[in-house]
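Student: Can we go through this structure together, one question at a time?

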Amino acid sequence: TADPRAGHVLVAIAAGAILAAAVGLLDDLWDLRPGPKALGQGACALFLVMAGIRPDLQGLVRPLGIVLPEPVHETLAYLVVLFFVLGATNSLNLLDGLDGLCAGVTAIITVGFLFLAVHLATWTTDRPLDPIRVVVSLALVGSVLGFLVFNRHPAVIFLGDAGSILLGYLIAALMMLFASWNAR
């Protein structure tokens, strides 16, 4: 039977992706200032956290004999997700200056994620998340490689901020899917 968490995770990733693309499109059209752009990217991170896609920090501090209170754990987990979403979206946005660079780097990252997802799914580390990791990785690598055919020099199409921020968000979402072994 299908786990209901899988549906929530996919909806959260899709909702965040729509918001990330919208923020990027607004930036393409009106050249947003950094504050509103970061606020939109932070809202994308919130979608992931609300769906339980966040790292389990208790596992990191437990060997040290520390138990984080739940509100502290939730706040720190959101800050980690926010850090990765802001970092990935803005990093890929900055890479979108040369023909094929952003899409090529994303393809390389996503192929690595795909191999890792297939490996983890083989060992069934987390039944609800294993297929999601594989499907999102496969969809992203396929779309990026298909786009890259037309984006190499001399480029016929371009990502723009909408595309690069979307790719960054999806990379961050994949990173968090790998970090959240026990998504709630």
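The questions below work through a predicted model.

Student: What span should the 20 residues of helix α7 have, and how far apart are its end C-alpha atoms?
Tutor: Helix α7 covers residues 160-179. At 1.5 Å a residue, its expected span is 28 Å. The model agrees with that, because the end C-alpha atoms are separated by 29 Å.

Student: How many of the residues of α7 are buried?
Tutor: Buried means under 20% relative accessible area. Helix α7 is largely enclosed by the rest of the structure. The count behind this is 16 of 20.

Student: Which element gives the most residues to the largest nonpolar core?
Tutor: That core has 41 residues. Elements giving it two or more residues are α1 (4-30), α2 (34-50), α4, α5, α6 (129-151) and α7. The top contributor gives 11 residues, and it is α7.

Student: Which residues does Ile13 contact, leaving aside its neighbours within four places in sequence?
Tutor: Ile13 is one of the residues with the most contacts inside the core. Others in that group are Leu48, Ile53, Ile132, Tyr169 and Leu177. Beyond its neighbours within four places, Ile13 is in contact with Leu48, Ile53, Ile132, Tyr169, Leu170, Ala173 and Leu177.

Student: How many aromatic pairs are there, and what are the planes of Phe83 and Phe84 doing?
Tutor: Searching the whole structure gives two aromatic pairs. Phe83 and Phe84 form one, with 5.6 Å from centre to centre. Planes over 60 degrees apart count as edge-to-face. Theirs are at 85°, so this pair is edge-to-face.

Student: Is Phe83 buried or exposed?
Tutor: Exposed means over 50% relative accessible area. Phe83 has 59%, while its partner Phe84 is partly exposed at 29%. Phe83 is therefore exposed.

Student: What kind of pair do the rings of Phe113 and Phe178 make?
Tutor: Their centres are 5.2 Å apart. Their planes are at 35°, which lies between the stacked cut-off of 30 degrees and the edge-to-face cut-off of 60. So the pair is tilted.

Student: Which parts of the chain does the pair of Phe113 and Phe178 tie together?
Tutor: Both residues are buried, Phe113 at 14% and Phe178 at 9%. They are 65 residues apart in sequence. Phe113 lies in residues 101-122, so the pair ties together helices α5 and α7.

Student: How many disulfides are there, and how far is the sulfur of Cys44 from the nearest cysteine sulfur?
Tutor: A disulfide needs two cysteine sulfur atoms within 2.5 Å. The count is zero disulfides. For Cys44, the nearest cysteine sulfur is that of Cys102, at 16 Å.

Student: Are Cys44 and Cys102 buried or exposed?
Tutor: The cut-off for buried is under 20%. Cys44 has a relative accessible area of 2%, and Cys102 has 1%. So each one is buried.

Student: Which residues does Leu95 contact, leaving aside its neighbours within four places in sequence?
Tutor: Leu95 sits in helix α4 (residues 70-95). At 27% relative accessible area, Leu95 is partly exposed. Its contacts beyond those neighbours are Leu101, Cys102 and Val105.

Student: Is Gln58 buried or exposed, and which residues does it contact outside its neighbours within four places in sequence?
Tutor: Gln58 belongs to helix α3 (residues 58-61). Its relative accessible area is 11%, so Gln58 is buried. Outside those neighbours, Gln58 is in contact with Val67, Leu68 and His73.

Definitions and conventions: Residues are numbered from 1 along each chain as its sequence is written. This is a predicted model: local features need pLDDT of at least 70, side-chain atom pairs count only at pLDDT 80 or more; totals for chains, interfaces and linings use all residues. Side-chain values use heavy atoms; hydrogens and water are left out. Helices (H or I, at least four residues) and strands (E, at least two) are DSSP runs, numbered from the N terminus. The expected span of a helix is 1.5 Å times one less than its number of residues. Buried means under 20% relative accessible area, exposed over 50%, partly exposed in between (1.4 Å probe, protein chains only). Contact means heavy atoms within 4.5 Å. Rings of Phe, Tyr and Trp (its six-membered ring) pair if their centres lie within 6.5 Å; planes under 30 degrees apart count as stacked, over 60 as edge-to-face and the rest as tilted. A nonpolar core is a set of buried Ala, Val, Leu, Ile, Met, Phe, Trp, Tyr and Cys residues joined through side-chain atoms within 4.5 Å.
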